[in-house]
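Hi,

Here is the structure I promised to pass along. Have a look at it first, and then read my notes below.

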Amino acid sequence: MVVSDRSATRSSEVAGERRQLINLAYRFLGSLAEAEDAVQETYARWYALSPQEQRAVMSPGAWLTRVAARVCLDVLGSARARRERYVGVWIPEPVPDAAEWGGGTDPAEQVTLDESVDMALLVVLETMTPAERVAFVLHDVFRYPHAEVATVLGRTPEACRQLASSARRRARTARPLSAPTAQQAGVVGDFKRAWESKDIAALVGLLAPDATLIADGGGLVGAALRPITGAGDIVRYLTGIGDRAPAMDLLERTVNGRAGLVARTGTGTTATVAAFHVAPDGRVTHIWAVRNPEKLRLWSAGVK
């Protein structure tokens, strides 16, 4: 009976790590679909252990984290080659806020939204080497000591410290300062209303002169294949979209923890999820528009 109770406790402990692993893997990979696959592989490796091997693991949570990180490290290596063949620009998969979620997703699958999933940071993470990314996420985001990061990367703690430091400098340099949350939401709301009313002057005024829009259609739907730079060019692109899809509804929704917009067709299908970066001066400097339907399955299934 004691053994049975201990086994049940261990099983519950293992199952209870799922959300933490999903959160880790999403930050490693920038793709919820790939994160779910990586976590599935992690659990498969755990259950492939014999009962004796499982009992020998002092901390199942630490074991699962190390294995998930190594799985993600392998995925990052192969993903780099796949993304070089990607049609257009690859943007991390956007995730919705649980409070705006109307689907039946298991809470264990939900990504915790904080500054570490801000689209601007995820885009910067894509520029890092796999080792830098893993070291940065484990140490700077999840506060794992360098000694534990070393067991994942197979390097010395000092080497992992240098990797995290290099990644931190890159993130600090490449990630722009942003306006307070409430101000961002107000600017995105103004942007929505200006777009709906086709107020060209207002749209241009809300964009920084050197603003950039990046669209990701993945070759599956229409999208600009290269970044669009400059307020005037962005506005012409957006108004063109509006003219081609007059029945599109724009909804203000939280995208990766920040104010964003969701465009839906008349049939309720989510066509675009747009993340924004708003500078402290109140102007939009970056727009990331995800149109690849494979990255919008959550948004089409259940966002209110």
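**The sheet and the cysteines**

What stands out to me is an open sheet of 6 strands with mixed pairing, in the order β2-β1-β6-β5-β4-β3. The edges are taken by β2 (228–229) and β3 (249–255), and each of these has a single partner strand, so one side of each is left without a neighbour in the sheet. Bear in mind as you browse that this is a predicted model.

At the β3 end, the partner is β4 (residues 258–264): the two strands run antiparallel and are joined by 7 bridges. If you want a spot to zoom in on there, try D249, which sits opposite R264 in β4. There is also a helix against the sheet: α12 (residues 231–244) packs on it and touches β1 (207–216) and β2. The direction of α12 makes about 45 degrees with that of β1.

As background, strands of a sheet pair through backbone hydrogen bonds, and they can do so parallel or antiparallel.

Now for the cysteines. How many disulfides are there? The count comes to 0. C72 is in no disulfide, and the nearest cysteine sulfur, in C160, is 16 Å away. Why does C160 not bond either? Its closest cysteine sulfur is the one in C72, and at 16 Å that is too far for a bond; the cut-off for a disulfide is within 2.5 Å.

Are these two cysteines buried or exposed? C72 is buried, with a relative accessible area of 1%, and C160 is buried too, at 0%.

Happy browsing!

Definitions and conventions: Residues are numbered from 1 along each chain as its sequence is written. This is a predicted model: local features need pLDDT of at least 70, side-chain atom pairs count only at pLDDT 80 or more; totals for chains, interfaces and linings use all residues. Side-chain values use heavy atoms; hydrogens and water are left out. Buried means under 20% relative accessible area, exposed over 50%, partly exposed in between (1.4 Å probe, protein chains only). Two strands pair if DSSP finds at least two bridges between them. Helices (H or I, at least four residues) and strands (E, at least two) are DSSP runs, numbered from the N terminus. Contact means heavy atoms within 4.5 Å. Axes are lines fitted to C-alpha atoms, for helices over the stretch in contact, and angles run from 0 to 180 degrees between N-to-C directions.
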